[in-house]
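Visitor: I am new to this structure and would love a close look at a single part of it. Could you pick a place, walk me around it, and show me how it sits in the whole?

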Amino acid sequence: MILVKKGKTKDVYQNDNGTLQLLFKDDVTGTDGVFDPGANTVGLTLSGIGKENLKLSKYLFELLNNNGVATHYVDCDVDNATMTVLPATMFGHGVEVICRFVATGSFIRRYGDYVEDGTVLPAYVEITLKDDDRNDPLITQAGLEVLGIMSAEEYNDLVTKTQDISKQIKAEFNNYGIDLLDIKLEFGRNQETNEIMLIDELSSGNMRVSENGSVLKPFELIDKVLNQK
């Protein structure tokens, strides 16, 4: 395998057959040693979380694939903490699409004058550019069009897909008595079909989930889903 990219929580390798291999690491995002799925820097290392996040990603990707959602997921090797995926063409240098069911985190930091922490939101979708140097800036539909990152049609498709996927995951989590507050998704185009597909991972580092009003820590979230099926 050829190393393509070293990331914050995953490294990406190129396989001989054209697929990619994602190596899940034990690093998680946060600030000053505190876990935060909304952060864009590595905040701490949690021993064993890489494999556990891979297990959760496997579970959720297979759930979505079975429900007809187009994803890049092919298979995974939990023992080696790797996931095999289809290559994707990015939107620009990459975008992140956040679906919010509850006002919390960075949403409150930005809009706290207008909404209280914990207020229910209607599957609100916002898009940020993947740009660590500029702290992943928010961008509007018009901005995405002006910069040539995506068309209006692609934007609307992305919003619809994000809400559908997020609602499926939220419904699945409700089966275990936990509630999805927000989730960060990534999309790309299938390099063979040009179809927009869900990419990256579906792990504790991509979402906030609560139980009885308290946000679950990464291992707690994974335990609730994978060990109580």
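Guide: Gladly! Let me begin with the charges: the protein has 22 positive and 36 negative ones, and the mean positions of the two sets are 2 Å apart. Please keep in mind that this is a predicted model.

Before we zoom in, here is the overall frame. Five helices and 16 strands make up the secondary structure of the protein. With a radius of gyration of 17 Å, close to the 17 Å that the globule rule gives for 229 residues, the protein is as compact as a globular protein of that length. The C-alpha trace spans about 50 × 45 × 35 Å along its principal axes. Of the 229 residues, 51% are buried. Among contacts with a separation of 6 or more, 56% are between residues 24 or more positions apart. As for the outside, the accessible surface comes to about 11300 Å², and carbon and sulfur atoms account for 47% of that.

Now to our chosen part, helix α5, which covers residues 218-226. Its buried residues are Pro218, Leu221, Ile222, Lys224, Val225 and Leu226. What do they pack against? Two of the partners are helices, α1 (49-66) and α4 (152-174), and the others are the strands β5 (34-35) and β15 (207-211).

Let us follow two of those partners, starting with α1. Asn53 sits in this helix, and it is buried, at a relative accessible area of 5%. Ile222, one of the buried residues of α5, is among the residues that Asn53 contacts beyond its neighbours within four places in sequence. Asn53 also touches Phe24, as well as Glu201, Leu202, Ser203, Ser204 and Gly205. With one of these, Ser204, the contact is polar: the two side chains meet at 2.7 Å.

A short step along the sequence from there brings us to Asp200, in the loop between β14 (196-199) and β15. Strand β15 is one of the elements that the buried residues of α5 pack against. Asp200 counts as buried, because its relative accessibility is 15% and the cut-off for buried is under 20%. Its side chain makes a polar contact of 2.9 Å with the side chain of Lys10. Setting aside residues up to four places away in sequence, Asp200 also touches Leu22, Phe61, His72, Met83, Glu186 and Asn206.

The other helix partner of α5 is α4, and here we can look at Lys167. At 48% relative accessibility, Lys167 counts as partly exposed. Beyond residues up to four places away in sequence, Lys167 touches Phe101 and Ala123. Lys184 is 17 residues from Lys167 in sequence, and their C-alpha atoms are 13 Å apart in space.

Phe101 leads us on to one last stop, since Val120 touches it too, along with Val102, not counting residues up to four places away in sequence. Val120 belongs to strand β11, which covers residues 120-129. Is Val120 buried or exposed? With a relative accessible area of 67%, Val120 is exposed. Val120 and Arg100 are 20 residues apart in sequence, while 8.7 Å separates their C-alpha atoms in space.

Technical notes. Residues numbered from 1 in each chain as written. Predicted model: local features only at pLDDT ≥ 70, side-chain atom pairs only at ≥ 80, totals over all residues. Heavy atoms only, no water. Buried < 20%, exposed > 50% of the residue type's maximum accessible area, 1.4 Å probe, protein only. Helix = DSSP H or I, 4+ residues; strand = E, 2+ residues; numbered from the N terminus. Contact = heavy atoms within 4.5 Å. Rg over C-alpha atoms; globule rule 2.2 N^0.38 Å. Areas by Shrake-Rupley, 256 points an atom, 1.4 Å probe, with all protein chains shown as cover. Lys, Arg positive; Asp, Glu negative; His and termini not counted. Charge placed at Lys NZ, Arg CZ, Asp CG, Glu CD. Polar contact = N/O pair within 3.5 Å; in protein donor to acceptor, adjacent residues only side chain to side chain.
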